[in-house]
Structures are given as structure tokens and as C-alpha cells.
Amino acid sequence: MPVWLEAGFWGFAAASALMLGALFGWFIRFSAKTVAYVMAFGSGILLSALSFELVADAVGQASPVWIIAGFMGGALVFSLINRSLNHPAKHRKRSRGQHLHKQSDNTFPNHASANHVSPTNVSPNGGVAIAAGTLLDGIPESIAIGLLVASGGKLSIVTITAIFISNIPEALSSTAGMRQAGRSGGFILRLWGGIALLSGCFAVIGALFFGSAPEHVKALISCIAAGGIFAMVVETMIPEAFAETHEMSGLVAALGFVVAIALQALEV
């Protein structure tokens, strides 16, 4: 299989959790706390993956100046764009269905609870901002996957698992809200499926444009991706997990971190 095709496959596979989360959000009632636990766990795995996979590998390939510049540059770009996206849809990962103006309980609405929020109380444009934010989250993750594949090394189970898990609660919570806004199941599935396909495309871009680059350039791109992922975790996933799980979010995130280390040890 060509390297670029393999990269696209794994980029799409990691993002396919968006469609899985959408199905969960459409058919199953999960408590907000349950989704927050998943988000905290995914945060820990992502932090472990970017620390030991992306940044650690870059340390031996480039100078500290390049590593710092790339990491901070990626974090800066994500934070600026995320700030603009949060204007129409604040807390776009929130497990309570943040784009609902009123919610009567602590669970996701489904067929049996659709009367909790009337369509007039739901932001009709919230889904667009959420989808744009999800795509923003996926860009550095997908480029990182493309780089890992193109570099000739074994693709890490930790990285794929981290990205996969982190995508589920985002699609789950926002799907519940978009359903209340009157979006059809077909629209929602096409939306997340399209974002998953675009994630695969960004993985291909990472493999084709940066896979054969000099080591210090690949290290720079890896650190840019790591900085973007780090900012995403700190600005979106950890706050939303803490909003529902409070002090337990740290423990669950720590569990995700050590699980990632264990998975990495099994790969060696």
C-alpha cells in the first residue's frame, strides 16, 4: 500500500469515532458525567501521546529553538482560531449540550426526552460552529498521523487510540444538541462523515508534503501539531471534563495517561 494511502486510511480511521459518537448521541441517553469521564480519559491519553510520541521524537531531530517555536506556534494558531469559533458556540465540547439555551436535566435528549427543549430555544447555527471546531481539532492530529506513517516507523497504537477516544464525546454531545435544533439524522451523519474524510485528507497532506522533508523540518511540523493538540486539550477537553466530574477529572485523566504509557510499552 502506498504511504500516502496508508496515512489517509489511518487518519480516517482515527476520525471515524466522530460517526460512532454521532450514533451514540442520536440513539442512546448518556449522562453528562459519563461523557465527561470519557473526555477526561481521552485528555490523559492525548497528553501522553504528544509528550512521548511527537515532542520526544522531535528532541533528537531539531534544536530546542525549533521545538519551542513549533510547539508555541501550533498552540498560538489553535488558540486564536478557537477563540473566534467559540464566539457563536461557546463550550463546543460540553457534555450537557452547550448550545441549548435551556435543559431540564443532566442527560442527553433523545426520542423520549425531545420535549425538554423546544426548537425555538436551540441555536440553529450551533452545529456549523461545532463542526468547524471539530475540523480544527482534527487538523494537527491528522497531520501528525501522516508524518508518523511517512517517517517509516511503526504507527503508534497510542496515538490512534488517543485521537479516536477524544473524538467520541465531542460528536456525541453536539449530535444531541443538533438533533434538538431539528437537524436530520442523515445531515448529522453526513456532516461527521465529511469531517472524517477531510481528516484522512490532512493525513495524506502530512505524508506527501512533509514525509520526505529534512529531519529538522519534520520535527518542526510535529511540534506544531503537538502544540495545537496541547492547546485543544487544555482549552476544550479538560475544562469540560472538570465541569461535570470536578476533582475526579484529574484522576481519570491520570488513568488515561498511564494507560497510554502501558500501551506504548507493549509496542516496544
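Which helix gives the most to the lining of the second largest pocket? Helix 4 does, with 5 residues, and the legends below start there. This is a predicted model, where local features need pLDDT of at least 70 and side-chain atom pairs count only at pLDDT 80 or more, while totals for chains, interfaces and linings use all residues. Residues are numbered from 1 along each chain as its sequence is written, and side-chain values use heavy atoms, with hydrogens and water left out.

**View 1. The second largest pocket and its lining.** Here we have a volume of about 230 Å³. A pocket, on a 1 Å grid over the protein atoms alone, is an open set of points with protein on both sides within 12 Å along at least five of seven lines, and lining residues have an atom within 4 Å of a point. Grid points are joined across faces, edges and corners, and the volume is the space filled by probe spheres set on them. There are 14 lining residues, and Gly74, Val77, Ile139, Pro140 and Ile224 lie nearest the centre. Helix 4 (64–85), helix 5 (126–150) and helix 8 (215–245) each chip in at least two residues. Helices here are DSSP runs (H or I, at least four residues), numbered from the N terminus. Sort the lining by class and you get 11 nonpolar, 3 polar and no charged residues. For that sorting, Ala, Val, Leu, Ile, Met, Phe, Trp, Tyr, Cys and Pro count as nonpolar, Asp, Glu, Lys and Arg as charged, and the others, Gly among them, as polar.

**View 2. The largest cavity, with Glu141 in its lining.** A cavity is a set of grid points where a 1.4 Å probe fits but cannot get out; the count comes to 2 of them at 30 Å³ or more. The largest has a volume of about 60 Å³. Of its 13 lining residues, Ala15, Gly138, Glu141, Asn167 and Ser199 lie nearest the centre. Helix 1 (3–15), helix 5, helix 6 (157–180) and helix 7 (185–210) each supply at least two, and helix 5 has the largest share, 5 residues. The class tally is 6 nonpolar, 6 polar and 1 charged.

**View 3. Glu141 and its contacts.** Glu141 sits in helix 5. Is Glu141 buried or exposed? It counts as buried because its relative accessible area is 3%; buried means under 20%, exposed over 50%, and partly exposed in between (1.4 Å probe, protein chains only). Leaving out neighbours within four places in sequence, Glu141 is in contact (heavy atoms within 4.5 Å) with Leu46, Ile163, Ser166, Asn167, Ile229 and Met232.

**View 4. The second largest cavity.** This one has a volume of about 50 Å³. Its lining is made up of Leu46, Ala49, Leu50, Leu54, Ala144, Thr159, Ile163 and Ile229. Helix 3 (32–59) and helix 6 each supply at least two of the lining residues, with helix 3 giving the most, 4. By class, that makes 7 nonpolar, 1 polar and no charged.

**View 5. Asp57 and Ser222.** Asp57 belongs to helix 3 and is partly exposed, at 41% relative accessible area. Although Asp57 and Ser222 are 165 residues apart along the chain, their C-alpha atoms are separated by 8.7 Å.

**View 6. Two cysteines, Cys201 and Cys223.** Cys201 is partly exposed, at 43% relative accessibility, whereas Cys223 is buried, at 0%. How many disulfides does the count come to? The count is 0, taking a disulfide as a pair of cysteine sulfur atoms within 2.5 Å.
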